[in-house]
Amino acid sequence: MATGFFTDATLCIGCKACEVACKQWNELPSDGFEFTGNSYDNTSQLSGTTWRHVDFVERESFDESGLKTSWSMVSDVCKHCTNAGCLEACPTGAIVRNEFGSVFVQPDICNGCGYCVVSCPFGVIDLIEAVGRGDDAKKYGLATLHDDRLNDRKTAVQATGGVAGKCSLCFDRQRVGMVPACAKACPTESIQFGEIEELHERAKRRVETLQERGVEARLYGADDIGGGIGALNAFFLLTESPEAYNLPVEPVLPSTRQTMGYAAAAAAALTLATIGWAIFRGDA
Amino acid sequence: MKSYYDRPLLKGPHWGANVVTYLFLGGIMGGLGLISLLSDDRPEPAMKKLRKATRYTAFALAAINPPILISHLGRPERFLNMLRIVKFKSPMSLGVWGLVLYSGAAGANALRELADDGIVPSALRYVAPSATVPIQALLGAFMAGYTGVLISATAIPLWAAGKRHIPAFSVCSGAASASALATLLSTLQGNHEVIPRLERLEMAASALEIVTIADFRKRGGRATAPLFEGRVGKRLRDYTILGGIVVPFVLNAVGGAVRLPKSIDALRSIAASMLTLIGGYVLRESLIEAGKLSANDPQAAFRQPS
Ligand code: SF4
Ligand code: SF4
């Protein structure tokens, strides 16, 4: 039975508890601090070491009553796609689908080729910078890691780097029957964790309720999103169009382009081989 | 236009000069496979010399390229993890296997030549069946083309938009660069007889290459802009289009039409070959660099090329 996330923009208060809980549980180092000036979002994006990222869509408008500011926040995460670009691209088989239907990176198999990074239609997965250990690790803000993880090259993704990282849907917590850290920490239940079918039911009911109240609500990724990707195991309820949250409107599964690519290469090779044969052996 | 503070939607490639070199040499290996097939089993001594030159060079490149590929990994010591599976959906996986098999075929062909030259015992000739010649050519075509498929089967808008063009002109560029390298080696060896043929092959490959690139450019739009505009576009125009295709084409055409004094003709061949090789390298480099720019443009990524 597949599990996933239903993340609801209408409930998010932008507290970033999910970001913090994820960093703590997964022992993910800081990406550094940059003041962006983009509303309250100084996290900016998901990365190899940031697996939840709260989008702050801030709008200002004027009417008779004066300046009005509206906010829509939503916590972005790996979509755990039905057909995942990252998983298909990975040449080592490091990325697998686990028993919970989530897309999981095995850090001890990944060799850091970076092909998954360019193959994710949502720009989620990224390489974790290779970091040293001991003193070097401290330089990168890894001092908070427990020594046993720092020294265990097998499990401590963050301790050594040079590999790809993204949300694991808390594989380790799920295995012992716990709820993923972000969903557990979310104070408003904007992030809901559960079995996909049940989440779909809940999401559809939620959209109906919101629409009755006149809120423009839509689901993103609950059904087949097109482009060969299928439905998303982590789907969203949004109040603005996807671009506003930096989500693609028409994502495409990259591997769908391969047949055409190989055909074009073969056509070019055949043409050149024929010409070459005429040039070199036409007289034989 | 809607966006999220204009932040990039996608993550760009973490690839630098080593990957560019790998793609460039992979293309040459592919082209050498073809030339080795074309010059196979011919009685003329000049052809025999060319055949040997291409086979030794192909084998040398097959030995150099894997370390270059390995050097780009975040965890190079885990290179062998790529050999634990064969994955038809992943051009990166197929490519590594292509490289392994190509190296085997190139090694067999080089071994046969070594036996022929009396450098190794001639009995070793029978270890390497002659079927490895067409096999190397086939795997070579794959080597030259798969790198194009590899980058166009990604989410990067520029690369995705080139799903037909990029694999096609990668093959052409590989064949042109291989012809140029063979011309260069033959000129240095004083094997002048084969040069007109090599140069004609190079002209054919370059012509097909420039037509394909022009057609890709004509497609236009936001996705392809990073390759043809700005700093990358200028470099591509100067080093690949003009310096790497047009100028060598003219030089080769002159060489084919006019009888130049021997030393001047050799200089002409060398210049044309060097320019073609530089152009081939810059083509791959521009593709990777423009891919990074393309990844930073969210507007190109909201609606992804089919
Ligand atoms: S969103 Fe990207 S990283 Fe996550 S499963 Fe889909 S393709 Fe992979
Ligand atoms: S970086 Fe790691 S997870 Fe990503 S494709 Fe390469 S081997 Fe697979």
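Me: In this predicted model, how many of the 26 residues of helix α3(B) are buried?
Reply: Let's start with where this helix sits. Helix α3 of chain B runs over residues 91-116, and it is largely enclosed by the rest of the structure. That description holds because the buried residues of α3(B) number 19 of the 26.

Me: And how far apart are the end C-alpha atoms of helix α3 of chain B?
Reply: Work out what to expect, then check. At 1.5 Å a residue, the 26 residues of α3 in chain B should span 38 Å. The model agrees with that, since the end C-alpha atoms are 36 Å apart.

Me: Which residue just after α3(B) takes a positive phi?
Reply: Look just past the end of the helix in chain B. There you'll find a phi of about 75°. The residue that takes it is B:Gly118.

Me: What about helix α7 of chain B: how far does it reach from its first C-alpha to its last?
Reply: Helix α7 covers residues 195-219 of chain B, which makes 25 residues. At 1.5 Å a residue, the expected reach is 36 Å. Just after this helix, B:Gly220 has a positive phi of about 65°. Back to the reach itself: it is close to the expected value, at 36 Å.

Me: How many disulfides are there over all chains?
Reply: Take a couple of cysteines and see how they fare. A:Cys15 is in no disulfide, and its nearest cysteine sulfur, that of A:Cys186, is 6.3 Å away. The sulfur of A:Cys182 has its closest cysteine sulfur in A:Cys170, at 6.2 Å, which is too far for a bond. A search of the whole structure gives the total: 0.

Me: Is A:Cys182 buried or exposed?
Reply: The cut-off you need is that buried means under 20% relative accessible area. A:Cys15 doesn't make it: at 42% that cysteine is partly exposed. A:Cys182 has a relative accessibility of 6%, so it counts as buried.

Me: Which helix gives the most to the largest nonpolar core?
Reply: That core has 75 residues, and among those with the most contacts inside it are A:Tyr115, B:Trp15 and B:Leu227. As a general point, nonpolar side chains in soluble globular proteins tend to be buried together. One helix supplies 12 residues to this core, and that is α1 (residues 17-38) of chain B.

Me: How many residues are in the second, separate core?
Reply: This one is a set of its own, apart from the core with B:Leu227 and the others. You can spot A:Ala164, A:Cys167, A:Ala183 and A:Ile191 in it. Its residue count is 53.

Me: How many charged residues are in the shell around ligand 2?
Reply: The residues around ligand 2 include A:Cys90, A:Pro91, A:Thr92 and A:Cys110. Sort the shell by class and you get 8 nonpolar and 4 polar. For charged residues, the shell has none, or in the words of the tally, "no charged residues".

Me: And how many charged residues are in the shell around ligand 1?
Reply: Of the 14 residues around ligand 1, those that come nearest include A:Cys78, A:Lys79 and A:Cys120. By class, the shell has 10 nonpolar and 2 polar residues. The number of charged ones is 2.

Me: Is B:Gly256 buried or exposed?
Reply: B:Gly256 is found in helix α9 (residues 230-257) of chain B. From B:Arg222 it is 34 residues away in sequence and 41 Å away in space, C-alpha to C-alpha. The cut-off for exposed is over 50%. With 67% relative accessibility, B:Gly256 counts as exposed.

Me: What is the relative accessible area of B:Ser273?
Reply: B:Ser273 lies in helix α10 (residues 262-295) of chain B. Leaving out residues up to four places away in sequence, it touches B:Ala180, B:Thr183 and B:Leu184. B:Ser273 is buried, and its relative accessible area is 1%.

Me: Where is A:Ser44?
Reply: A:Ser44 has a positive phi near 75°, though it isn't a glycine. It also counts as buried, at 7% relative accessibility. Its place in chain A is the loop between α1 and β2 (52-63).

Terms used:
Residues are numbered from 1 along each chain as its sequence is written. Chains are lettered from A and ligands numbered from 1 in the order in which they are written. This is a predicted model: local features need pLDDT of at least 70, side-chain atom pairs count only at pLDDT 80 or more; totals for chains, interfaces and linings use all residues. Side-chain values use heavy atoms; hydrogens and water are left out. A disulfide is a pair of cysteine sulfur atoms within 2.5 Å. Buried means under 20% relative accessible area, exposed over 50%, partly exposed in between (1.4 Å probe, protein chains only). A nonpolar core is a set of buried Ala, Val, Leu, Ile, Met, Phe, Trp, Tyr and Cys residues joined through side-chain atoms within 4.5 Å. Helices (H or I, at least four residues) and strands (E, at least two) are DSSP runs, numbered from the N terminus. The expected span of a helix is 1.5 Å times one less than its number of residues. A residue is near a molecule or strand if one of its heavy atoms lies within 4 Å of it. Ala, Val, Leu, Ile, Met, Phe, Trp, Tyr, Cys and Pro count as nonpolar, Asp, Glu, Lys and Arg as charged, and the others, Gly among them, as polar. Contact means heavy atoms within 4.5 Å.
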